[in-house]
Amino acid sequence: MRSQSGKCVFVVNEYIRENRGGGVIISVLAASVLVSPTFISPAVNMLLLLLLLSSGVGKAQRVMGQKNNGSCVCEVNSKMWSFPAASYGAVLQQVQSCEGSLKSLQEKVELSSQRLPEILALIKNLTDRLEPHQYLHDQGLYTDLSLHLLSQELSQLETDIVSIHSQLNNTQTRTLSKEVGKLRADVVRMKMSDTINMKTVKEKLRYLKNTAESCKSIPKDFRGQHPHCLKGLMSNISDPVTTKVSPYGKSYISGSWGKQAQVDSEGQRNSYWVQPLLNSHIWGNTLRVYQTHEDFMASANHRDFTFAPSYTHADAIEGPSAALYGEALYYHCYRSADVCRYDLNSNTVKRVTLPGTGVGFNNKFPYCYYDCRANTDVDIEADEMGLWALYATVGNHGNLVVSRLIWDNEAETLNVSQTWETRIFKRAVSNAFMVCGVLYATRYVDEYSEEVFYAFDTATGKEDNSLALPMEKVAKGVASLSYNPTNRMIYMYNDGYLLAYQAHF
């Protein structure tokens with residue numbers, strides 16, 4: 001403020017220009033900025049102040065006044081001092097957004113620091129698990145050995161089909177020959193590049209092998225010999241028509257039972273039998289036979305057979321797997337991939353080794369689904385076509401394999417005539433049986449019910465997993481299931497209870 005000719009002049013600077021006049025605007029601005037100290041930190045206030053002070057150009061106003069009583073009185077236009085609220089609000093919003101982003105980033109960094117050791121451990125675990133398969137990256141999808149084994153299987157199939165075609169020479173065998181030729185071309189291409197999936201080729205090979213087995217094993221008049229088999233798959237299963245406690249008591253929860261299954265048998269035509277597993281519910285060496293159904297129901301007039309000197313003898317039975325067919329008991333031999341045949345008349349045992357790579361035994365591929373039944377690796381079944389062995393192999397990835405058994409009376413040898421590979425995982429079923437050359441598999445529903453849900457027809461190689469045939473039971477566990485072609489009954493060994501059902505077509 002200066003005096004000029006009796007008048008006073010007051011110069012007001014909007015922004016700091018000199019120490020004497022700057023205090024006014026500084027105090028105004030500072031008062032405006034610091035109105036909310038609890039919400040904005042001093043550092044942020046200072047930042048806002050600097051932003052505001054540096055955002056504009058300094059201005060001054062010259063005001064004329066009157067001298068009055070030794071004082072200079074003047075009017076000043078305060079509009080030029082208007083605080084830039086809009087600019088302040090925009091800057092404040094940016095600072096708050098920045099603070100929020102910094103806080104979020106800090107939280108993410110802290111979380112990453114906590115999770116990083118876990119992620120590193122997971123990566124190390126995955127690396128260790130993938131290490132055994134590193135050869136796939138270095139050598140391709142398959143090795144020379146796997147291709148060699150595949151070529152061997154294909155060569156055997158080609159030989160079988162040539163033999164079948166020379167005997168039958170029909171449309172089906174000609175089609176098979178063409179399909180095998182195409183598969184051979186695919187295998188040759190696999191040797192040159194990795195453009196064909198090994199799994200696809202193996203699935204095609206499995207299908208052709210099953211078709212070839214069906215060609216040479218199913219008699220032309222087979223269906224006609226058994227009219228009920230012409231009707232197709234089973235349509236229904238009755239409620240239990242027989243319910244009886246095992247003659248050995250309920251404490252022996254594993255075993256098998258039923259009626260003699262050979263249609264044209266003479267010596268044991270109407271006999272019933274029970275084969276309990278008396279050692280750990282896994283092994284046994286005795287068979288009980290009743291000559292009539294009445295004797296069986298009354299548990300009277302039975303005859304006991306001992307087919308092995310001990311539970312651990314090579315001729316002892318392993319698992320609930322038996323079938324009485326004619327005057328011989330067929331069962332899974334102790335800790336082996338063999339099927340045994342015990343002759344009730346001569347007390348002799350013959351055996352045959354089941355075909356396949358890595359046949360499961362000693363509880364490797366038992367029936368499971370809900371609970372595994374110990375040592376149910378090999379299951380012997382009978383139907384209108386004869387005898388069957390149901391099991392799983394490593395070569396078929398643990399899926400069920402069906403082999404047909406033939407007893408040669410003249411040579412007195414037990415043989416395997418044909419083998420089919422299915423796509424149903426054996427541990428995914430609770431039990432299985434054969435009817436009219438068709439494999440049926442069951443699954444657990446609840447403590448008092450099972451369900452037939454799957455079928456595989458050896459005559460056509462076709463599968464059906466849409467079945468839903470309920471089977472009532474009285475206890476939770478199913479040790480064995482077997483069909484009998486002489487009366488079309490299904491027999492279940494149900495945790496010490498013996499149940500029988502009528503099959504309907």
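These are my notebook entries on one sheet and one pocket of this structure, which is a predicted model.

**Entry 1: the sheet**

I started by tracing an open sheet built from four strands, and I read its order as β7-β8-β10-β11. The pairing in this sheet is antiparallel. Next I asked myself which strands stand at the edges. They are β7, covering 255–259, and β11, covering 302–306. Each has a single partner strand, so one side of each is left without a neighbour in the sheet. I also looked up the turn between neighbouring strands here: it is 15 degrees on average, direction ignored.

**Entry 2: the β7 edge**

I then followed β7 to its partner. It pairs with β8, residues 272–276, in the antiparallel sense, and I noted five bridges between them. To have a spot to click on, I looked up what stands opposite K259: it is Y272 in β8.

**Entry 3: the second largest pocket**

My next stop was the second largest pocket, with a volume of about 640 Å³. I found 30 residues in its lining, and the closest to the pocket centre are Q262, Y325, Y330, W407 and N409.

Which strand gives the most to this lining? I found that β19 does, with four residues. Strands β15 (338–343), β18 (386–392) and β19 (399–408) each supply at least two residues of the lining.

Last, I checked the chemistry of the lining of this second largest pocket, a handy thing to know before setting anything up. The residues divide into 10 nonpolar, 10 polar and 10 charged.

Note on methods:
Residues are numbered from 1 along each chain as its sequence is written. This is a predicted model: local features need pLDDT of at least 70, side-chain atom pairs count only at pLDDT 80 or more; totals for chains, interfaces and linings use all residues. Side-chain values use heavy atoms; hydrogens and water are left out. Two strands pair if DSSP finds at least two bridges between them. Axes are lines fitted to C-alpha atoms, for helices over the stretch in contact, and angles run from 0 to 180 degrees between N-to-C directions. On a 1 Å grid over the protein atoms alone, a cavity is a set of points where a 1.4 Å probe fits but cannot get out, and a pocket is an open set with protein on both sides within 12 Å along at least five of seven lines; lining residues have an atom within 4 Å of a point. Grid points are joined across faces, edges and corners, and a volume is the space filled by probe spheres set on the points. Ala, Val, Leu, Ile, Met, Phe, Trp, Tyr, Cys and Pro count as nonpolar, Asp, Glu, Lys and Arg as charged, and the others, Gly among them, as polar.
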